[in-house]
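Biologist: Please take a close look at one part of this model, the packing around helix H5, and then work outwards from there. Keep it brisk.

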Amino acid sequence: MVETDGAAWAVGPHEDSPGFRNDMKAADDAYTAPSLHRSSFSVPWTTSSLANATFYADYRSLDEIYSFMHQLAADHSDRISVVPLGHSGEGREMFALEINGVGGARSWSHDSYFGGRKREEGKFPPGFAITGAQHAREWIATSTALYIAHALVANDTEQYSLSPLLRTFNFYIVPVPNPDGYLYTWDHDRFWYKNRQLLGAQGYKWKANPAYFSSDGDLKPKKKRGAADPCSHWYPGSRPFQAPEVNNMANYFETLPHLRAYIDLRSYGQMLSAPYSYSCKKYPKDAEDQMEAISGAASAVRRTHGTVFTTGQLCSTLYRAPGNVVDWMYERLGVKWSFAAHLRDTGTYGFNLPAEWIRPVAEETTQMIDYLARFIATKEA
């Protein structure tokens, strides 16, 4: 299985080619998901009030999450569409929530974005993409992504509503980028990290990210980094986009029109970071603007519940990791405002953050998103 930051979001010219992606689409089309179809989404959730929603009282199973996503879309059909992205390594469906302001919700067929036809930019407002826990054990990231989706359609009289942002942006949220790994953390190993893609008899390719980065000439490391053993915690994969989950998301993100911002929600560490992850010696041409944005966003978080976030280049706030999605978004897709947000805490509970923290973490993250969206809108006006 593939580790998430070592070899996931690649920008290489071969595996990243349309032919390779089309082959992956054909393989995906042949899949029939063994579980988690819409017919099994039977848990009723109340979505009329963000403040009173019981969904955020605890962490939720994969079935409950998918049920909630479909319920949220059904209750706000004028704003939300549930978009199928393809299947995971074990055949589970992956979904995105598209939350639209101008023009309302739209229906998109599988071929509308996997067929290589990018949506016409002139018909869409700027896009803001958000992903939940790519690393399976980071449950708070998925809970927070769902709360943000709910906040975007909440009545604007509610305290943490983000609905005014829909006057300017469309939002594209993937709450569970790694469904197999997430389910495994519930049934077997709470601290499981990667996906569940089995690589022959050697072991699993634990990874929910892409791979060796190359853009801007070459963001690839001179040597392959990471363990060679597929069963290793740090195994990065053998090529870019080897994980089907990553391939699905890359295919989807590449079709999004007018995409201007991206946040990768993670845990833990209370850090808000800008590119690059692959190098600590190189800086993006937009580094000054990026640092100004995340500095203000960190202040917005602190004003909410007093939580202190550190800011900086991802390579320095965390560690050097080629193949990170933030680098891929910035370099490959040209999304200037691409960031990673490591949510609470700083190590007391780590990945096992108590459920009673879901709401405060989600609330302060809405303020982060609100600040960034308004800052970006002003900068690009």
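Modeller: This is a predicted model. Start with the core, as background to the helix. The largest nonpolar core holds 68 residues, and within it Ile99 and Phe171 touch the most other members. Helix H4, residues 139–153, supplies the largest share of this core, with eleven residues. A second core of 25 residues is separate, and Tyr172, Val246, Ala250 and Phe253 are among its members. As a general point, nonpolar side chains in soluble globular proteins tend to be buried together.

Look at phenylalanine 171 in its surroundings. Neighbours within four places in sequence are set aside here. Its contacts then include Leu97, Glu98 and Ile99. Phe128 and Ile130 touch phenylalanine 171 too. So do Leu152, Leu165 and Leu166. Ile369 is also in contact with phenylalanine 171.

Now the helix itself. H5 covers residues 179–187. Its tyrosine 182 takes part in an aromatic pair with tryptophan 139. The ring centres are 5.9 Å apart, and the planes make an angle of 50°. That pair is tilted, because its angle falls between the 30 degrees under which planes count as stacked and the 60 over which they count as edge-to-face. The link joins distant parts of the chain: tryptophan 139 belongs to helix H4, tyrosine 182 to helix H5, and the two positions lie 43 residues apart in the count. Tryptophan 139 and tyrosine 182 are both buried.

Tyrosine 182 has another aromatic partner, tryptophan 186. Here the centres are 6.4 Å apart, with 45° between the planes, and this pair is tilted as well. Both residues sit in helix H5, four residues apart, about one turn of the helix. Their exposure can be set side by side. Tyrosine 182 has a relative accessibility of 2%, so it counts as buried. Tryptophan 186 has a relative accessible area of 34%, so it counts as partly exposed. The cut-off for buried is under 20%. Across the whole structure, a search finds 24 aromatic pairs.

H5 also packs against another helix. Its partner is H2, residues 62–75. The two axes are 9 Å apart and cross at an angle of about 130°. H2 and H5 are therefore oblique to each other. On the H2 side, the residues that meet H5 are Leu62, Ile65 and Tyr66. On the H5 side, they are Pro179, Tyr182 and Leu183. Tyr182 thus appears in this helix contact and in the pairs with tryptophan 139 and tryptophan 186.

Follow the chain out of each helix. After H2 comes a loop that leads to strand E1, residues 80–87, and histidine 76 lies in it. Histidine 76 is at 14% relative accessibility, so it counts as buried. It touches Thr47 and Val153, leaving out residues up to four places away in sequence. After H5, the loop to strand E5, residues 198–199, holds aspartate 189. At 30% relative accessibility, aspartate 189 counts as partly exposed. Aspartate 189 and arginine 137 are 52 residues apart in sequence, yet their C-alpha atoms are 8.8 Å apart in space.

Two charges sit over rings. The charged end of arginine 190 is over the ring of phenylalanine 191, 5.6 Å from its centre. Arginine 60 lies over the face of phenylalanine 55, also at 5.6 Å from the ring centre. Phenylalanine 55 belongs to an aromatic cluster with Trp45, Tyr56, Phe68 and Tyr147.

Last, some backbone details further along. Most residues other than glycine have a negative phi, and most peptide bonds are trans. Histidine 258 has a positive phi, near 60°. It is found in the loop between helix H6 (244–253) and E7. Its relative accessible area is 21%, so histidine 258 is partly exposed. Glutamine 270 also has a positive phi, near 55°. Its place is in the loop between E7 and E8. At 11% relative accessibility, glutamine 270 counts as buried. A cis peptide bond joins serine 267 to tyrosine 268, with omega about -5°. Tyrosine 268 is found in the loop between strand E7 (259–267) and strand E8 (271–274). Another cis bond runs from proline 275 to tyrosine 276, with omega near 5°. Tyrosine 276 is in the loop between E8 and helix H7 (287–305).

Technical notes: Residues numbered from 1 in each chain as written. Predicted model: local features only at pLDDT ≥ 70, side-chain atom pairs only at ≥ 80, totals over all residues. Heavy atoms only, no water. Core = buried A, V, L, I, M, F, W, Y, C linked by side-chain atoms within 4.5 Å. Buried < 20%, exposed > 50% of the residue type's maximum accessible area, 1.4 Å probe, protein only. Contact = heavy atoms within 4.5 Å. Phe/Tyr/Trp six-rings, centres within 6.5 Å; stacked < 30°, edge-to-face > 60°. Lys NZ or Arg CZ within 6 Å of the ring centre and 35° of its normal. Axes fitted to C-alpha atoms, helices over the stretch in contact; angles between N-to-C directions. Parallel < 35°, antiparallel > 145°, perpendicular 65-115°, else oblique.
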